Amino acid sequence: MFNLFLCKSLMLAAMNLEFSPGTLLESLLLLAKGMVGIFVVIAVVILLVYLLNKVFKGDAAAKE
C-alpha cells in the first residue's frame, strides 16, 4: 500500500505542468506535422486501393 502512495507522489512531482506561451507554437507545429502525416498515409492507402482495383478489374469480369 505504501508503494502505491509513493508512486502517486512521485508522479505528481514529475508532472510539473506549467503553461508556457513560448512552446505553444512549437506544440501546434508538431501537431500539424503529425496530422499532415496521417492524411498523407491515408491518401497513399486510398491511391493504392484505387490502383489495385484498376489493375485487377479485368480478372473479376473474366471469371464470370
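These legends describe close-up views of a predicted model.

**View 1. Fold of the protein chain.** Three helices and zero strands make up the elements here (DSSP runs: helices are H or I, at least four residues; strands are E, at least two; numbered from the N terminus). The order along the sequence is α-α-α. Residues are numbered from 1 along each chain as its sequence is written.

**View 2. Confidence.** Mean pLDDT, the predictor's confidence in each residue from 0 to 100, is 81 for the protein chain. A value of 70 or more is reached by 64% of its residues. Helix H2 has the highest mean among the elements, 95. Helix H3 (residues 57–63) has the lowest, 62. Local features need pLDDT of at least 70, side-chain atom pairs count only at 80 or more, and totals for chains, interfaces and linings use all residues.

**View 3. Surface of the protein chain.** Accessible area (Shrake-Rupley method, 1.4 Å probe) totals about 6300 Å². Carbon and sulfur atoms hold 75% of that surface. Buried residues (under 20% relative accessible area) make up 0% of the 64 residues.

**View 4. Leu-31 in a nonpolar patch.** Leu-31 sits in helix H2 (residues 21–55). Its relative accessible area is 47%, so Leu-31 is partly exposed (20% to 50%).

Methods:
Heavy atoms only, no water. Buried < 20%, exposed > 50% of the residue type's maximum accessible area, 1.4 Å probe, protein only.
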